[in-house]
Amino acid sequence: CGAAPRWPSRVKVVFFSFISGTLGLSLYSYMSGMNVSSLDLDEPTSQRVLCLSEWPQRYDRVFALSTWNNPEDEMLFQVPGHNQEFLAQYFCKAPDLDLACRDVKLRTQDLGTPLAMAMGGSGGQYYDILGVWAMLWLVLTFVAWLGVTIHDLALIGQTQKDFILDVSGVNQHCPCIRSVWKALAAYRPLLRLATAEHLPCARVLGMALAAALAPIILVWNLLVLLFVVCPMILFAFMRYPIRMSRAWVFIISVVCFLYGLGLTLQQLAYIASMDLRPQYALTWKVPSNQTEALCTCGCDYSVSSTVCINLGTIGLVTTLKAAFLAFRCLKGLRRSQWANLLSVTFPVPLTVYEVKWQQADGKPIRFRDEEMPVQGEVAFDPFAMMDEQPDSKFTTVHLRPELLRPEHVHGEKAAKAEASEASQRTCRTLEMPGRPVPAKLEPAQFKAVIESEYIGCCGFPWPTGGKKFVYDEEFLAELEAGASGKEESTPSSIPEMEVPSLEDRKAGAAPGTTAGHTSMAFLGLQVCRLLAPSNVD
C-alpha cells in the first residue's frame, strides 16, 4: 500500500485497542450520566419535599464542580450526612415544603437537572455507589487499554519484542511478587499438614481443615490479589512498561473479571429487593420565602429495575470480555516465543482443521491418543497446546498451501516440493521474540545450557532447579568419528588387568596400570557415545 513497514500494523493495533476500551467507557458513561428516566418515579422513598440552600451533588459531579467551576465552595467536598445539624445549617424555607413527594408537579426544564444525592429517604443510602462504580471502571479501562497498546506495539517492533516477559521471566526479574503472594496465600501450612506421610491423623486433620476453610482461603486470596499483588504489578509496570505489559494485562483482566462479576451479582440483588437499590434525589429550583436567593427542593427515588437489568447485562458482558482477554495472554505467559497480539484477532479458515501433530519422538502428546486429533474443534484455537510442550521453547509453526491429495505428487516434482519446503523453513524470517539466551561461559562442546523444567498446571513451565545440556552437532560428529577409529584399533574385548600380588603391592609395583588406564578411557568413550542424543539432562 506504499506505507512504511510496520506502520499499517501499528495503526490497526491502536485502532482496535480503542475499540476494546469502548465497553468500559460506555459503562462509565451510562453510570455517570443517569437522569430522571433512571429513577422509579412511582415509588418515592421520601414522604415530603425537602428544601436546602445547597443540595449535595453526586460524587462524580463533586469532582467536576470542585475542580473547574467552584473550587472555593467547601460544602461540595463534604460527605453528605443525614443529621439534624446538617439539615438545620442548609435548611431553606420555600412554598414547596408543604407538598408530598407523590403530589409534586415539575416543569419540563426541571427534568433535565442532574441527579443529586439522596437526603430525605429512609433507606440510608447517603453515598453514590454507582458513581464509585463509574470511576472505578473508567480507571480500569484506561490502565487495561494502556497495557494492551504498549504490549502490542512492542510485540510488533523489531527491537523491543524480546523484552516482554513471560511467567518465568517475571519470577526471575521480580521475585518479590511471587514471594509475597506465597507468603500471604495462607495455604502452605494446611498443605504440609494434609501431605504428611508419617502422620495419618495429621493428614486427616489437614484435609478436614482444608475443606472447612476453603471458602475463607479463597476469599482471602482474592483480597490479596486485588489489594496486594495487583498494586505490586502496577508499580512494576509503571517502572518497566514493556517488560511487565503482558503480566499487567493478564492481572488487570482478572481484576476486571472479578469486578464485573461483582457488579452483576450486585445488580441481581437490586432486582430482587427494592430496599437495597441506590437512591438519588430529583431536584428543582424554587424562590425562597426568606431571601431573594433560590432554594433547591427535591425528593428521593430508587433506581428503576430497568437500570439494574441493563447494568447487570453490561457487567456480565464485561466479565466475559475480560475473561477472553486473559485467555489471549496465556500463550505469551507460558512461552514468550508463542506470544500473540491482544487487540487484533484474525479469521481462521476451516480448512486448517482438524489439526494433527505428534511429539518429536512420534508419540501422541499428553491427553491425546493415536486416533484423536490434537485439535478438532473448529471454534477453538488451531494452535492449542503447541506452546504447552516440553520442547516448545525451541519450536515454531510453518504454514504453507498444500494439495488436497499429496499422493498425486510423484518423482522429481515431489523432490522439488520437499526442497522448496526445506528452503522455506530455513530462510523464513521469524517474527516471534528471540529464543531464550543460553547460559554464559558454557563449554565449547555444548550448544546451550538451559534450565530444566516441567510442564505444570494449565501448561505453564516451571523450573526444576536442574540444568539441561544441548550438545553441538559438530562435536557429536567428531565424537562419533573418534569412537569409530578407536574401535578399529582396539580389540573387541577389554584386556584383562593383572592383579598385583601382596609382595608387589608392598614393593610398590603396579603391573597392568597402563592397560587399566587404557580400558577406563575406552569405557569413558563408550559412555559418551551413549550420551550422543542432542538433549542430555
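**Exercise 1. Two cysteines outside the disulfides**

Cys201 is exposed, with a relative accessible area of 67%. The model is predicted. Task: classify Cys256 as buried or exposed, and find why its sulfur makes no bond to the closest cysteine sulfur.

Solution.
- Step 1. Compare Cys201 with the cut-off: exposed means over 50% relative accessible area. The value for Cys201 is 67%, so Cys201 is exposed.
- Step 2. Take Cys256. Its relative accessible area is 9%. Buried means under 20%, so Cys256 is buried.
- Step 3. Look for a partner. The closest cysteine sulfur to that of Cys256 belongs to Cys230. The distance is 8.9 Å, which is too far for a bond.

**Exercise 2. The disulfides**

Task: state how many disulfides a search of the whole structure finds, and work out the pairing of the bonded cysteines in sequence order.

Solution.
- Step 1. Recall the chemistry. A disulfide covalently joins the sulfur atoms of two cysteines.
- Step 2. Apply the cut-off of 2.5 Å between sulfur atoms. The search of the whole structure returns three disulfides.
- Step 3. Take Cys51 and Cys297. Their sulfur atoms are 1.9 Å apart. Cys51 sits in strand β2 (residues 50-52) and Cys297 in strand β5, so this link joins distant parts of the chain, 246 residues apart.
- Step 4. Take Cys92 and Cys295. The sulfur atoms of this disulfide are 1.5 Å apart. Cys92 is in the loop between α4 (84-89) and β3 (116-117), while Cys295 is in strand β5. The pair therefore ties together parts 203 residues apart in sequence.
- Step 5. Take Cys101 and Cys299. Here the sulfur atoms are 2.3 Å apart. Cys101 is in the loop between α4 and β3, and Cys299 is in strand β5. The parts tied together are 198 residues apart in sequence.
- Step 6. Number the bonded cysteines in sequence order. The pairing reads 1-5, 2-4, 3-6.

**Exercise 3. Handedness and burial**

Task: decide whether the link of Cys51 and Cys297 is right-handed or left-handed, do likewise for the disulfide of Cys101 and Cys299, and then check burial.

Solution.
- Step 1. The link of Cys51 and Cys297 has 100 degrees about the S-S bond and is right-handed.
- Step 2. For Cys101 and Cys299 the S-S torsion is about -90 degrees, so that disulfide is left-handed.
- Step 3. Check the bonded cysteines for burial. Cys51 and Cys297 are both buried. Cys92 is buried at 7%. Cys295 is buried at 0%. Cys101 has 4% relative accessibility and is buried. Cys299 has 1% and is buried too.

**Exercise 4. The nonpolar cores**

Task: find which residues touch the most other members of the largest nonpolar core, and which element gives the most to this core.

Solution.
- Step 1. The largest nonpolar core has 55 residues. Leu130, Trp133, Trp137, Met244, Ile252 and Val255 touch the most other members.
- Step 2. List the suppliers of at least two residues: α2 (22-32), α5 (129-156), α9 (200-239), α10 (245-272), β4 (279-287), β5 (294-303) and α11 (305-334).
- Step 3. Pick the top contributor. α10 gives the most, with nine residues.
- Step 4. Inspect Val255. Leaving aside neighbours within four places in sequence, Val255 contacts Leu140, Leu226 and Cys230.
- Step 5. Look beyond this core. A second, separate core has nine residues, including Leu50, Leu87, Met119 and Ala281.

**Exercise 5. A buried serine**

Task: locate Ser38 and find which residues it touches, not counting residues up to four places away in sequence.

Solution.
- Step 1. Ser38 is in the loop between α2 and β1 (39-44).
- Step 2. Ser38 has a relative accessible area of 7%, so it is buried.
- Step 3. With that sequence window left out, Ser38 touches Ser302, Val303, Ser304 and Val307.

**Exercise 6. Backbone exceptions**

Task: find what is unusual about the peptide bond from Tyr353 to Glu354, and about phi in Phe367 and Met385.

Solution.
- Step 1. Set the baseline. Phi is negative in most residues other than glycine, and most peptide bonds are trans.
- Step 2. The bond from Tyr353 to Glu354 is cis, with omega near -10 degrees. Glu354 lies in the loop between α11 and α12 (411-427).
- Step 3. Phe367 is not a glycine, yet has a positive phi of about 75 degrees. Phe367 is in the loop between α11 and α12. At 61% relative accessibility, Phe367 is exposed.
- Step 4. Met385 has a positive phi near 70 degrees. Met385 is found in the loop between α11 and α12. At 14%, Met385 counts as buried.

Technical notes:
Residues numbered from 1 in each chain as written. Predicted model: local features only at pLDDT ≥ 70, side-chain atom pairs only at ≥ 80, totals over all residues. Heavy atoms only, no water. Core = buried A, V, L, I, M, F, W, Y, C linked by side-chain atoms within 4.5 Å. Buried < 20%, exposed > 50% of the residue type's maximum accessible area, 1.4 Å probe, protein only. Helix = DSSP H or I, 4+ residues; strand = E, 2+ residues; numbered from the N terminus. Contact = heavy atoms within 4.5 Å.
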